[in-house]
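Hi there,

Here is the structure I promised to send over. Have a look at it first, and then read my notes below.

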Amino acid sequence: MTDPMRIRAQVAGDKATVRVLMAHEMETGQRKDAAGKVIPAWFIQEVSATHNGKPVLSAQWGPSISKNPFMQFSLKGAKVGDKIAITWVDNKGEKRTDEATAS
Amino acid sequence: MHTRRHMLSDSAKVAALLAAVGLAPQLAKAQAASYNSAAFEAKNMADAMKALGAAVPVASKDVTVTAPDIAENGAVVPVGAAAALPGVKRLLILVEKNPAALAAMFEPSDAVEANISTRVKLGQSSNVFAVAILNDGKVLFAQKEVKVTLGGCGG
Amino acid sequence: MASSKNVSMALVGLVFSAGCAVLPSPQELDVQGRAVMKASFRDQSIAKVNRIDQDPAQLACSTDQPLAPEQAKKVEADSLATIVWPAGGRYFGDWREGEKLAQNGRGMTWTDPSAETKDNGGNCYNCHEIDRKEISFGTIGPSLWNYGKIRGVKEVADPAAAPVVQYTWGKLWNSKAYVACSNMPRFGHAKVLDENQIRHLMALLLDPASPVNR
Amino acid sequence: MNARTVKPGIAALALLACASAGAQTKSSADGIAEYRKMLEDGNPAELFEAKGEALWKEKRGPKNASLELCDLGKGAGIVKGAFVELPRYFADTNKVQDLESRLVSCMEALQGLNAAGISSTPFGRGEQNNVTALATWVAAESRGLKFNLPQNHVEEKRSYEIGKRVFFFRGGTHDFSCASCHGEDAKRIRLQDLPNLTKNPGDGIGFAAWPAYRVSNGQMWGMQLRLNDCYRQQRFPYPGFGSEATIAVSTYMGVNAKGAESIAPSIKR
């Protein structure tokens, strides 16, 4: 079970500021639980963005990205109504894609 | 995106990593092609750059790192990396004193500005680095110190 | 509290009439307030509901009004009488240990391992500036930077320093001996810190070698 | 994400703290203000807000019903503006209720879920997570509105008076009351500004800032959990979820905050 992302793409001039929030634990694998057992690493490893279906950005993350990750970037040539989709894949192979319309 | 040398070292590392978390081999195969776990396990910037097949970074005012001087909590520290140069292939964010230095690696296409921000964990006060790897092989960096303080009642 | 509600329910059923819709007197509200506190909390780990049972000082100071002078004097005199002075007149420990205790904000919550003094910190930086090198300090209490130096303590064993040494010990043991409704915990009196821990804090504040007094 | 920049109230508080603490801390206070401003853009509370909105509309529980007929005080199904008037008196339960305890009542009445079971569930588990998400969304629907708790019903007035006594109640191993930290202007614990909750502390401060996303643990906290952790740090025993003390002290803070603009859900250290 994964929870939806929040994606905002705001157009200003000839580009859009894209802000993404992802719901994820981003567990480092360095922490221990109350019983002293190591909590296994669980984090997003890959993130990609598409603009109207065309890949525009890819990223790889380690476990030191904060819990419930935030990412912001500027997309050139984006217009109101364009579709921005974000996909993440974590180290357990879980995957999620959400899409937003630029406004 | 990757040289053959990286792919080889990656797949071994990722396979080991995935085996450790008990994942099926076919999954390991699917992910091995891209995720550079050697770079993300490197203890320091030099080793991370080696794992990425990149040159030793040179300080440059064309690269900027945005971060607060002081963070009330190391669990969430906003950090941005930007390069005022054309031909940026990769933008990296590293935290010097974290157990593994490399936090994020972005590969922007021409449609995305080389100015990306995210939020990282800092185990303690540390330098944070922004590194830009250019298409021509140049590797430039900027750094900033972030002080992590103890907020609240500490209980 | 519960009984007053039952009365109003019995009188008018479920409908509140103007007749019973009268705010209780301030004294009755005081009683109800304490009953609400009693009814609202439960034991959790080391934090037991008897912590809601107020002693006279806590009860007297649970108001937004300043205490009447004679009431304040009584709280202070009673508190002064509780202070246990250090065995053998040994007032001082190690300021390094004191700094650790001052930094440590833990202890006595329901997530702490035990109510023993060894698991407790002094919480000092939460409210006070102490060693100026620590920038993360609170302002509920006064700055303690140069605490001993400002008070002219050149040598802790100097008889001239005795009054401030004794006052500081007393303040750490039971702050309410000097200010009836002080915000400061009664570290010794409440068994939050033991004698040795208080000695370390004494050294942090008064030892000329402590970074606080440089 | 919230485009609002740094709030004047916080800036003023920070300024006062600097003035009293001297030049040494001015830069650290400025640094903290800068850090907080950077966090405002992209508050993960939005993730919980979205979850709460979906939960409000979703048919759930033994009665397979949504919460869309829940009366939060302004009439069945009216959400906008409800948050800034809570806690208030509800005739159907004959009690003053805060947002979270009211949501639990609706979950029982409309959906057939077990209110006592939810109330005794630890924070961050099961249905408690849903209550938090719902509260986050309901609060967000009143963003920008000013607090104006009703004080017409005698039980609302009584709740305020009891709440004041709860606020000043000293106890526990450390003799703390709420007022120990929140009874004066311009005080701090460590570097954390402490709002004076005996009066309106300003827009988006104190009662007008919760629910909030806590960056220190990546959790969403409603007012019930905020109070619970205050009492933990006060070295008190454990306050029951929705207990009268927690609701009365909320009424006290909410009435005092009259006119303060709500920024909830906010983001906190």
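**Notes on the sheet, a loop residue and two helices**

B:Thr66 stands opposite B:Gly80 in β4(B). Please keep in mind while reading that this is a predicted model.

That pair belongs to a stretch where β2(B) runs antiparallel to strand β4 (residues 77-83) of chain B, with four bridges between the two. Another partnership in β4(B) is that of B:Ala83 with B:Val63, its bridge partner. On to the next neighbour: β4(B) and β7(B) are also antiparallel, and six bridges join them. Here B:Ala82 is found opposite B:Asn115 of β7(B).

How do these strands fit into the whole sheet? It is an open sheet of six strands, in the order β1(A)-β2(A)-β5(A)-β7(B)-β4(B)-β2(B), with antiparallel pairing. The edges are taken by β1 (6-12) of chain A and β2 (63-66) of chain B; each has a single partner strand, so one side of each has no neighbour in the sheet. From one strand to the next, the twist averages 15°. As a reminder, strands of a sheet pair through backbone hydrogen bonds, either parallel or antiparallel.

β4(B) deserves a closer look. Seven of its seven residues are buried, so to speak of it as mostly covered is fair. In a regular strand the side chains alternate between the two faces of the sheet. In β4(B), B:Val77, B:Val79, B:Ala81 and B:Ala83 point one way, while B:Pro78, B:Gly80 and B:Ala82 point the other way, and all are buried.

Now to a loop residue. B:Ala114 sits in the loop that links β6 (102-108) to β7 (115-120) in chain B. Is B:Ala114 buried or exposed? B:Ala114 has 23 other C-beta atoms within 10 Å, and a residue counts as buried at 20 or more, so B:Ala114 is buried. Leaving aside residues up to four places away in sequence, B:Ala114 touches B:Ala82 and B:Ala83, as well as B:Val88, B:Leu91, B:Pro108 and B:Ala132. With B:Val88, which is 26 residues apart from B:Ala114 along the chain, the C-alpha separation is 6.7 Å.

Chain B also has a contact with chain D, to which 16 residues from chain B and 16 residues from chain D contribute. On the chain B side there are eight nonpolar, six polar and two charged residues.

Finally, two helices in chain C. Helix α9 (residues 195-206) has twelve residues; at 1.5 Å a residue they should span 16 Å, which agrees with the 16 Å between its end C-alpha atoms. Ten of the twelve residues of α9(C) are buried, so the helix is largely enclosed by the rest of the structure. Among them are C:Ile198, C:Arg199, C:His200 and C:Met202. The buried residues of α9(C) pack against α5 (95-103), α7 (147-150) and α8 (162-173) of chain C.

In α5(C), the buried residues are C:Trp95, C:Gly98, C:Glu99, C:Leu101 and C:Ala102. Why do they lie on the same side of α5(C)? Around the axis they cover an arc of only 165°, which puts them on the same side of the helix. Their cover includes α6 (124-127) and α9 of chain C.

Best wishes

Definitions and conventions
Residues are numbered from 1 along each chain as its sequence is written. Chains are lettered from A and ligands numbered from 1 in the order in which they are written. This is a predicted model: local features need pLDDT of at least 70, side-chain atom pairs count only at pLDDT 80 or more; totals for chains, interfaces and linings use all residues. Two residues are in contact if their C-beta atoms, placed from the backbone, lie within 7 Å. Ala, Val, Leu, Ile, Met, Phe, Trp, Tyr, Cys and Pro count as nonpolar, Asp, Glu, Lys and Arg as charged, and the others, Gly among them, as polar. Two strands pair if DSSP finds at least two bridges between them. Axes are lines fitted to C-alpha atoms, for helices over the stretch in contact, and angles run from 0 to 180 degrees between N-to-C directions. The expected span of a helix is 1.5 Å times one less than its number of residues. The arc is that of the directions from the helix axis to the C-beta atoms.
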